[in-house]
Amino acid sequence: MDPAVEEAVTRSVLGKTKLDMEEITVLKKMFKYYDTDTDGHLTRDEASALYRELGYTGGNHWSQKRVPLEAFLLKCGLEKKSMLESTSSVLEYRSIHTSRLLDQPSTGFTNSFKLKNYLNEVGLEIEEGRVERICEIIASGDEPEFSEEDLGEYISMNLRMAQGVANSMKEEEG
C-alpha cells in the first residue's frame with residue numbers, strides 16, 4: 001500500500017474512532033499479515049476471521065467482498081466505542097476485551113489450553129501445571145475454566161488489594 005494513502009487512512013481513522021495510534025499501528029500490521037496479495041484489501045472471510053481473532057464480535061457483517069484497510073479499521077473503532085459505552089469503566093472494557101481474546105474459538109469460557117496457547121502467542125512460556133492453577137484461581141466454579149465475568153472480578157479484586165497495600169504503605173510512611 002502506498003505510504004501516503006496509508007497515512008491518510010490513519011489520520012482519517014484517528015479522527016473518527018476511539019482507537020489510539022498504538023492500536024491503529026497494531027491493527028494495520030495484523031491487516032497486512034492477512035493481506036497476502038498486498039493489495040490493501042482482505043476478503044470478507046479473512047476480515048471476519050481477523051476481527052474475531054482481535055476479540056471483537058459481529059465480524060460476519062461485511063457488505064463488500066473485499067474489505068479495504070480503512071473500512072476494517074473503522075469497524076474495529078466502532079466496536080471499541082460500543083464496548084466502551086456499554087461498560088462502566090475502561091477497566092471493565094479491557095477485561096471484557098481480554099477475555100474475548102483468550103476465548104478463541106469463542107465458547108464463553110477460557111480453559112488452560114486456550115490460556116496456554118494465548119500466552120505462547122505473546123511470547124510467555126509458563127509450565128502447564130501453573131497455567132492450570134491460574135485458571136483455577138480465576139474461575140468461580142469447580143471447573144478449571146473461567147468466564148468473562150470471572151476474569152473481570154479477578155482483575156477488580158487484585159486491583160482493590162493492590163490499592164489497599166499502597167494505602168497501607170502510605171500510612172506506615174506518614
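Here are some friendly notes on the structure above, point by point.

1. **What kind of model this is.** Please keep in mind as you read that this is a predicted model. The protein has 174 residues, and its C-alpha trace spans about 55 × 40 × 30 Å along the principal axes.

2. **The order of the elements.** How many helices and strands does the protein have? Its secondary structure comes to eight helices and four strands. Starting from the N terminus, you can follow them in the order α-α-β-α-β-α-α-β-α-α-β-α. It is worth tracing this pattern on the structure before going further, as several helices will come up again by name.

3. **Surface and burial.** Buried residues make up 31% of the protein. The accessible surface comes to about 11000 Å², and carbon and sulfur atoms account for 53% of that surface. As for contacts in the protein with a separation of 6 or more, 47% are between residues 24 or more positions apart.

4. **Charges.** Counting the charged side chains gives 21 positive and 33 negative ones. The centres of these two sets lie 7 Å apart. Some of the charged side chains pair up: a search of the whole structure finds 13 salt bridges. The next two points look at a few of them.

5. **A small network around Glu-6.** Which residues are linked with Glu-6 in a network of salt bridges? They are Lys-28 and Lys-32. In the salt bridge between Glu-6 and Lys-28, the closest N and O atoms are 3.3 Å apart. Glu-6 belongs to helix H1 (residues 3–16) and Lys-28 to helix H2 (residues 21–34), so this pair ties together parts that are 22 residues apart in sequence. Glu-6 also meets Lys-32 in a salt bridge, with an N to O distance of 2.9 Å. This second pair again links helix H1, home of Glu-6, to helix H2, home of Lys-32, across 26 residues. Are these side chains buried or exposed? Glu-6 counts as buried, at 13% relative accessibility, and Lys-28 is buried as well, with a relative accessible area of 12%. Lys-32, with 42%, is partly exposed.

6. **A bridge between H4 and H5.** Arg-100 and Glu-79 form another salt bridge, at 3.6 Å from N to O. Arg-100 sits in helix H5 (residues 90–102) and Glu-79 in helix H4 (residues 69–85), so the bridge ties together parts 21 residues apart in sequence. Glu-79 is buried at 12% relative accessibility, while Arg-100, at 23%, counts as partly exposed. The cut-off helps here: Arg-100 is called partly exposed because its 23% is not under the 20% that buried requires.

7. **The largest nonpolar core.** In soluble globular proteins, nonpolar side chains tend to be buried together. In this model, the largest nonpolar core has 22 residues. Which of them touch the most other members? They are Leu-54, Tyr-56, Phe-72, Leu-73 and Cys-76. The elements giving two or more residues to this core are H1, H2, helix H3 (44–53), H4 and H5. Its largest share, five residues, comes from H4.

8. **Cys-76 up close.** Leaving aside residues up to four places away in sequence, Cys-76 touches Leu-19, Leu-27, Tyr-51, Leu-54 and Tyr-56. Try picking out these neighbours on the structure. There is also a second, separate core of nine residues, which includes Val-131, Ile-138, Ala-139 and Leu-151.

9. **His-97.** Look for this residue in helix H5. Is His-97 buried or exposed? His-97 is buried, with a relative accessible area of 15%. Setting aside residues up to four places away in sequence, His-97 touches Leu-54, Gly-55, Tyr-56 and Met-83.

10. **Glu-127, for contrast.** Glu-127 lies in the loop between helix H6 (112–121) and helix H7 (128–138). Why does Glu-127 count as exposed? Its relative accessibility is 55%, and exposed means over 50%, so Glu-127 falls in that class. The C-alpha atom of Glu-127 is separated by 25 Å from that of Ile-96, a residue 31 positions apart from Glu-127 along the chain.

Technical notes
Residues numbered from 1 in each chain as written. Predicted model: local features only at pLDDT ≥ 70, side-chain atom pairs only at ≥ 80, totals over all residues. Heavy atoms only, no water. Salt bridge = Lys/Arg side-chain N within 4 Å of Asp/Glu carboxyl O. Buried < 20%, exposed > 50% of the residue type's maximum accessible area, 1.4 Å probe, protein only. Contact = heavy atoms within 4.5 Å. Areas by Shrake-Rupley, 256 points an atom, 1.4 Å probe, with all protein chains shown as cover. Lys, Arg positive; Asp, Glu negative; His and termini not counted. Charge placed at Lys NZ, Arg CZ, Asp CG, Glu CD. Core = buried A, V, L, I, M, F, W, Y, C linked by side-chain atoms within 4.5 Å.
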